[in-house]
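Here is a chain to read closely. Each label should be tested against its cut-off.

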Amino acid sequence: MSEHVALTRLTGTGSGDGDDECGQGDCPNVYEDSWTALIRRHQASGGNIGRVHIVTRPLSAYLPFEFARCYRYQAQVGEDIRILDVTDRDNPLPSAHDFWMFDRSTVVLMNYAADGTQLNRELYEVDPASFVECRRIAVAESVPFAEYVEG
């Protein structure tokens with residue numbers, strides 16, 4: 001069984017016009033794109049894909065777009081998307097770096113410019129124990145995406 005998890009701290013940087021992370025323009029074929037197909041394949045093989053997105057309100061113009069055009073469909077096909085809103089509370093992970101973790105053993109750091117533009121990805125080649133703990137805290141302190149948007 002494999003597991004992929006991402007911790008994202010960005011509060012959104014795009015304009016909301018659709019030309020950002022979800023693909024070209026208005027996320028064509030959002031019900032079944034390459035990412036949702038990957039989620040389905042992982043689940044079929046007993047794996048799991050999830051993410052925790054740390055946000056503060058007010059949300060940027062981009063985040064409602066990302067929620068409606070991407071997260072909504074990705075969650076429907078089985079990605080475990082969780083939201084950790086730290087607007088009215090202390091952030092339990094104030095110094096956590098954005099990262100992807102694969103099978104609790106391989107960590108890839110996501111590096112961004114001040115404006116939120118992704119600069120690069122960097123393989124973290126040291127013991128991943130601190131990221132495993134970060135993941136545990138992020139999941140424990142967050143709520144499922146559907147609960148967040150319906151709440």
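The questions and answers below concern a predicted model.

Q: What pattern do the helices and strands follow along the sequence?
A: The order is β-α-β-α-β-β-β-β-α-β-α. The chain has four helices and seven strands.

Q: How much of the chain is buried?
A: Buried residues make up 42% of the 151 residues. The cut-off for that label is under 20% relative accessible area.

Q: What share of the contacts with a separation of 6 or more comes from residues 24 or more positions apart?
A: Such residues account for 71% of those contacts. Contact here means heavy atoms within 4.5 Å.

Q: How much area does the chain expose, and what share do carbon and sulfur atoms supply?
A: The chain exposes about 8200 Å². Carbon and sulfur atoms supply 51% of that area.

Q: Why is the pair Phe67 and Phe145 called edge-to-face?
A: Start with the count: there are eight aromatic pairs by the ring-centre rule. In the pair Phe67 and Phe145, the ring centres are 5.4 Å apart and the planes stand at 80°. Pairing needs centres within 6.5 Å, and edge-to-face needs planes over 60 degrees apart. Both tests are met, so the pair is edge-to-face.

Q: Which parts of the chain does the pair of Phe67 and Phe145 link?
A: The pair links distant parts of the chain. Phe67 sits in helix H2 (residues 62-76) and Phe145 in helix H4 (residues 145-150). They are 78 residues apart.

Q: How do you know whether Phe67 is buried or exposed?
A: Its relative accessibility is 7%. The limit for buried is under 20%, so Phe67 counts as buried.

Q: What decides whether Phe145 is buried or exposed?
A: Phe145 has a relative accessible area of 6%. That value is under 20%, so Phe145 is buried.

Q: Which residues form one aromatic cluster with Phe67 and Phe145?
A: Tyr71 and Tyr148 belong to that cluster along with Phe67 and Phe145.

Q: Which residues of the largest nonpolar core touch the most other members?
A: They are Leu93, Phe99, Val107 and Phe131, out of 14 residues in this core. Strand S2 (48-55), S4, strand S5 (106-112) and helix H3 (129-141) each supply at least two residues of this core. H3 gives the largest share, four residues.

Q: What does Phe131 touch, leaving out residues up to four places away in sequence?
A: Phe131 touches Phe99, Met101, Val107, Leu109 and Tyr124. Apart from the largest core lies another core, of nine residues. Val55, Phe67, Tyr71 and Ile83 are among them.

Q: Why is Gln74 called buried?
A: Gln74 has 9% relative accessibility. Buried means under 20%, so the label applies. Gln74 lies in helix H2. Leaving aside neighbours within four places in sequence, Gln74 is in contact with Trp35, Thr36, Ile39, Arg51, Glu79 and Ile81.

Q: Which residues of helix H1 (residues 34-44) are buried?
A: Thr36, Ala37, Ile39 and His42 are buried. In general, an α-helix has 3.6 residues a turn, so residues three or four places apart point the same way.

Q: What makes the approach of Asp33 to Trp35 a polar contact?
A: A side-chain oxygen of Asp33 reaches to within 3.1 Å of the backbone nitrogen of Trp35, at the start of H1. The cut-off for N or O atoms is 3.5 Å. Just after H1, Gly46 takes a positive phi of about 90°.

Q: Why is Phe102 called partly exposed?
A: Its relative accessible area is 24%. Buried is under 20% and exposed is over 50%, so Phe102 falls in between. Phe102 lies in strand S4 (residues 99-102).

Q: Where do Asp103 and Arg104 lie?
A: Asp103 lies in the loop between S4 and S5, and so does Arg104. Asp103 has a positive phi of about 55° although it is not a glycine. Phi of Arg104 is near 55°, also positive in a residue other than glycine.

Q: Why are Asp103 and Arg104 called partly exposed?
A: Asp103 has a relative accessible area of 40%, and Arg104 has 43%. Both values fall between 20% and 50%, so both residues are partly exposed.

Q: What is omega for the cis peptide bond that joins Arg57 and Pro58?
A: Omega is about 0°. Pro58 is found in the loop between S2 and H2.

Notes: Residues numbered from 1 in each chain as written. Predicted model: local features only at pLDDT ≥ 70, side-chain atom pairs only at ≥ 80, totals over all residues. Heavy atoms only, no water. Buried < 20%, exposed > 50% of the residue type's maximum accessible area, 1.4 Å probe, protein only. Polar contact = N/O pair within 3.5 Å; in protein donor to acceptor, adjacent residues only side chain to side chain. Phe/Tyr/Trp six-rings, centres within 6.5 Å; stacked < 30°, edge-to-face > 60°. Areas by Shrake-Rupley, 256 points an atom, 1.4 Å probe, with all protein chains shown as cover. Core = buried A, V, L, I, M, F, W, Y, C linked by side-chain atoms within 4.5 Å.
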